[in-house]
Amino acid sequence: MSGNPYQNDRGNKDASITSTSGRSTIEPGLKHSGEVKPVIGDSPFLVGDTMTGGYGKGPDILHECTIAVNPGEIAVIVGPNGAGKSTAMKAVFGMLNVRSGKVLLDGEDITNLSPQDRVVKGMGFVPQTSNIFTSLTVEENLEMGAFIRTDDIRNTMEQIYHLFPILKDKRNQAAGELSGGQRQQVAVGRALMTQPKVLMLDEPTAGVSPIVMDELFDRIIEVARTGIPILMVEQNARQALEIADKGYVLVQGRNAYTGTGKELLADPEVRKSFLGG
Amino acid sequence: MDLLNALVALTNYVMIPAVAYGSQLALGALGVTMIYAVLRFSNFAHGDTMAFGTMVTILVTWWMQSMGINLGPLPTALLALPFGILGCMALLLFTDRVVYRFYREQKAKPVIFVMVSLGVMFMMNGLVRFIIGPGDQRFSDGERFIVSARDFKAMTGLREGLAFKTSQGITIITAVVVVAALFWFLNRTRTGKSMRAYSDNEDLALLSGINPERVVMYTWMIVAGLATIAGVLYGLDKSFKPFTYFQLLLPIFAAAIVGGLGNPIGAIAGGFVIAFSEVSITYAWKKILRYLMPENLEPDGLVQLLSTDYKFAVSFVILLIVLLFKPTGLFKGKSV
């Protein structure tokens, strides 16, 4: 593995001496924050501006990719498999080496901030996989979501139970025992517990049934109506673009088409290439 | 009457020692399991961590004894224990700072950490021997027995005596209190939950704003406490010798793995399984069988399955059996 002797995998599978479950995948170098610079001039609330970068010392996956979202909006990133949708999301969240370009949040340049400091700045992120603490109960998951808060979290928790009533019934159950759709609700709920200023969802409907998917979309719209901007990666391009205020079609790490959800749905090129006619 | 005598002998020679030894192993195994769950490697330096904490406690105990401070019937070491824990915490945090943190920064694989802990083990081993010497140290004082064999015989008129040592009583009570406190901490407090969250999913813990370095620090501190308590209890019950503590590593690991690595309840259960097997396999059953069997069937030999010199073989065999047939342990742990 990239010639780093510390990361030699030999003998590492012996679980009687090593535990590999739940290990961090974020590069340690990204866990340290640099400085935050104020930005002069107008910029969207959250924007990843002409980002180029990749994982570790590997090749670039994103090429001058730009993604932005404003309050009250839902921005959706769609594109074929391997287009770098999730990667773009991770880049905005600081889990990727962004070699050129910058990330701006609320008038500040946060390109050099670590992911955990971005959470403190008000970004909520729901990763695509392993997005809940499986061995903790639903309530503990929500509590951990609010870890950075020092004020009373009961109100927020009630709001989340109101948004996802099923979670209230299962509050004392281990989150790992829930169904796929319920897990996604826990994951979104956990991210909302910080009362984020912007919510980023990486394929929230992956692996759930169509009925559950519709319900999740409804909930996401409900969250957006409260004014929280939502940046979302979606596999179900058509359905996602229908609810999107802004859509980004990525192809091979580049912005291929950008427009409002309706424009993209109407665009014959986009229809032909990504929406199946 | 014979049955009663057999029962008393069984309690005296097997049950009480095994429960006390089991509690000590359980506390040791809890430390190993915590490191495995949170830091994701098996800490081979655990036995020597116990030795270091105990050594500090002993030194403070001696100082207290020389100053005339004591706890009356209870051993002075209990008073010195908090100092031992603090000393051990300081050592572990120092080790983490100068050794383990470097490897965390490199994102080293867990197996590298295991090897690193071996090196740390040798360093601590040398440090302890350098300071207190390789010999046997006794540091228990106060009342030796809660119930002595002679008193028991006089009280009940039975032929068999039952001795209950103060150190055994303290061991059992302390173990119960410590385990209860640990479980309360892990399940009820914010910090405890954040440790479980970190153990479950490091990245998500980071995304929730849990500071990894903080979690690691708390883990080492708790482990220092558990290791020192386990070490001091063992030392009070038997005696302190650095090499013995190094050897304790095997039964402790066996206990953690038998119970299921990474599972605290498993560590406790595993401790008792190992202790009971070890004590009952190395015990000479002749005495008890003499009471239970008809006179003409009385055994000739000692009916000791294994000499006490080979007691470590018991842990080894149990370890092998568990890893072959139920690698995740009795309670669902992580080892496969």
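Helices and strands are DSSP runs, a helix having at least four residues and a strand at least two. The legends below use these terms for a predicted model.

**View 1. Stretches of chain B that carry a transmembrane annotation.** According to an unreviewed UniProt entry, the feature "transmembrane region" lies at residues 20–39, 51–71, 77–99, 111–132, 168–186, 215–236 and 305–325 of chain B. Within residues 51–71 of chain B, the chain is 81% helix and 0% strand, and the C-alpha atoms at the two ends are 23 Å apart. Over residues 305–325 of chain B, the chain is 71% helix and 0% strand, with the end C-alpha atoms 23 Å apart.

**View 2. The packing of helices α2 and α9 of chain B.** Helix α2 (residues 46–67) of chain B packs against helix α9 (residues 212–237) of chain B at an angle of about 70°, and the axes of the two helices are 7 Å apart. Since angles of 65 to 115 degrees count as roughly perpendicular, α2(B) is roughly perpendicular to α9(B). The crossing of α2(B) with α9(B) is right-handed. On α2(B) the contact is made by residues including H46(B), T49(B) and M50(B), while on α9(B) the contributors include A224(B), A227(B) and T228(B). Sorted by character, the residues of this contact between α2(B) and α9(B) are 6 nonpolar, 8 polar and no charged.

**View 3. The packing of helices α3 and α4 of chain B.** Helix α3 (residues 77–105) of chain B and helix α4 (residues 110–132) of chain B meet at an angle of about 155°, with their axes 10 Å apart. Because angles over 145 degrees count as roughly antiparallel, α3(B) and α4(B) are described as roughly antiparallel to each other. Here α3(B) passes α4(B) in a right-handed crossing. The contact brings together T95(B), V99(B), Y100(B) and Y103(B) of α3(B) with I112(B), F113(B), V116(B) and V120(B) of α4(B). These residues divide into 7 nonpolar, 1 polar and no charged.

**View 4. An open sheet in chain A and the helices that pack on it.** The sheet has 6 strands in the order β7-β8-β9-β4-β10-β11 (chain A), and the pairing is mixed. Its edge strands are β7 (123–126) and β11 (254–259) of chain A, each of which pairs on one side only. On average, and with direction ignored, neighbouring strands of this sheet are turned by 15° against each other. Strand β7(A) runs parallel to strand β8 (residues 198–202) of chain A, to which 4 bridges join it, and M123(A) has V198(A) as its bridge partner in β8(A). Helix α1 (residues 85–93) of chain A packs on the sheet, where it touches β4, β7, β8, β9 and β10 of chain A, and its direction makes about 150° with that of β8(A). Helix α6 (residues 180–192) of chain A lies across β7 and β8 of chain A and runs at about 165° to β7(A).

**View 5. A hairpin in chain A and the strand beside it.** Strands β5(A) and β6(A) form a hairpin with 2 residues between them, and in the turn D106(A) has a positive phi of about 50°. The pairing of β5(A) with strand β6 (residues 108–109) of chain A is antiparallel and extends over 2 bridges. Strand β2 (residues 46–54) of chain A also pairs with strand β5 (residues 97–105) of chain A in the antiparallel sense, over 7 bridges.

Key: Residues are numbered from 1 along each chain as its sequence is written. Chains are lettered from A and ligands numbered from 1 in the order in which they are written. This is a predicted model: local features need pLDDT of at least 70, side-chain atom pairs count only at pLDDT 80 or more; totals for chains, interfaces and linings use all residues. Axes are lines fitted to C-alpha atoms, for helices over the stretch in contact, and angles run from 0 to 180 degrees between N-to-C directions. Angles under 35 degrees count as roughly parallel, over 145 as roughly antiparallel, 65 to 115 as roughly perpendicular and the rest as oblique. A crossing is left-handed if the near helix is turned anticlockwise from the far one by less than a right angle, and right-handed if clockwise. Two residues are in contact if their C-beta atoms, placed from the backbone, lie within 7 Å. Ala, Val, Leu, Ile, Met, Phe, Trp, Tyr, Cys and Pro count as nonpolar, Asp, Glu, Lys and Arg as charged, and the others, Gly among them, as polar. UniProt positions are given in the numbering used here, feature names are shortened, and annotations may be inferred rather than shown by experiment. Two strands pair if DSSP finds at least two bridges between them.
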